Amino acid sequence: MKVTILGAGAIAGAHAEALAALPAHGVDGVELTHVVDVDAGRAAELAARHGVPHHGTDLRALLDAGEVDAVHVCTPPAVHLEAALAALRAGVHVVVEKPAVLSLAEADALAAAEREAHAAGLTGRFTQIVQHRFGAGIPRLRRFLDDGTLGAAYVAQCDTLWFRTPAYFEVPWRGRFDTEGGGTTMGHGIHQFDLLLAVLGPWVEVRAMAGRLARRTDTEDVSTALVRFANGTMATITNSAISPRQTSRLRFDTEAATVELEHLYGYDDADWTVTPVEGREDVAEAWSADAARSDDDGASGHLAQLVPTYRALVEGRTPPVTVADTRDTLELAAAIYKSAFTDATVRAGEIVDGDPFHASMAGTGTPWPPVT
Ligand SMILES: NC(=O)c1ccc[n+]([C@@H]2O[C@H](COP(=O)([O-])OP(=O)(O)OC[C@H]3O[C@@H](n4cnc5c(N)ncnc54)[C@H](O)[C@@H]3O)[C@@H](O)[C@H]2O)c1
């Protein structure tokens, strides 16, 4: 399988490294052959750093020449949809960085393109990078909830408290709804609240606030939300780009135990703690035993996701993260923006075609004036 990386910026190296490590994890026959960037120098530099044989500036030409079996889209978010559509229409798999697209309307266009390509007999599949779903602790937590070990889930907290300097927002595509999709909710917190959905399943209602407190951006630098899940769990979400002591934190209070994860940009089994209710020490023991059974440290990351993804693609199966998963997470983001900007409770399923928050996360507009 010949792979092209599109966009040779900050995150592209993580893709190149993970692709190179696939054979050591039992996935053979996947080769990074091309790096493409509008900036020829960046493409050349990434290719040289990772020993990639070809580099250039024109994805279209490679697709037309049949030189690509999978494209990894690592460009700024506004370019994701166009690149993903080009790949799917060429019958090529596409692995898109988060946020996959800018809006629910774009997610729907993506889903339609994948359906149409399959109806036309093409076999390319869409998947999105959500690398923190693939550390061992998240599927373990889901399994322990599904099989009753943890009992019912009651309360969850999801905090993405990061710190981004004013200089971070000087990159032209950052801090604008039309090019980044949103602020710290779409750009940072999305990793963590995606995990809430992976663990707790569908949500039913959201009440949220957002503010632009400190940075010169059009988008928010803080948002907070209260979320009720279909299984009854009540959750709080905080997304911040202006929190000096940075952390990424998840906490789940269930019938049998409190399960917590604290990390920054990636975790492994050592970052989890399980505090059982008195008399339910078996839960903590079962958690540790499950972690000890694995021959690795349960780390999240691009490699952890690309191993099962390429195993599926090579075998002609659907990859573990689908366009429907992507849409679900974007729907929660859209609901946070809609609730914050309209001062109303937003219910799952209500943001449909014709709703301003379907077309753009900015929806009816921010309560603060734009700066750009
Ligand atoms: N999964 C993660 O943990 C993670 C971390 C950081 C960034 N990201 C995401 O990765 C994406 C890229 O972020 P980044 O920080 O690497 O950005 P970046 O600005 O460092 O790099 C983007 C690259 O894309 C190139 N580019 C722009 N338009 C292009 C086009 N039309 N065709 C080809 N190349 C083009 C630019 O020249 C640049 O080299 C974003 O969606 C971001 O949110 C994900």
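Here is a quick tour of the sheet, some helix packing and the ligand shell in this structure.

What you have is a predicted model, where local features need pLDDT of at least 70, side-chain atom pairs count only at pLDDT 80 or more, and totals for chains, interfaces and linings use all residues. Residues are numbered from 1 along each chain as its sequence is written.

Start with the sheet: 6 strands (DSSP E runs of at least two residues, numbered from the N terminus) form an open, parallel sheet ordered β3-β2-β1-β4-β5-β6. Strands count as paired if DSSP finds at least two bridges between them. β3 (54-56) and β6 (126-128) sit at the edges with a single partner strand each, so one side of each has no neighbour in the sheet. At the β6 edge, 3 bridges join β5 (residues 93-96) to β6, and V96 has Q128 as its bridge partner there.

Now the helices (DSSP H or I runs of at least four residues). Angles run from 0 to 180 degrees between N-to-C directions, with axes fitted to C-alpha atoms, for helices over the stretch in contact.

| Pair | Angle |
|---|---|
| α6 (residues 137-146) and α8 (residues 184-200) | about 35° |
| α2 (residues 40-50) and β2 (31-36) | about 155° |

The axes of α6 and α8 are 8 Å apart. Residues touching (C-beta atoms, placed from the backbone, within 7 Å) are I138, L141, R142 and L145 of α6 with L195, A198 and V199 of α8.

Finally, the ligand has 22 residues around it, with G7, G9, A10, I11 and E97 coming nearest; the cut-off is a C-beta atom, placed from the backbone, within 6 Å.

Terms used. Contact = placed C-beta atoms within 7 Å.
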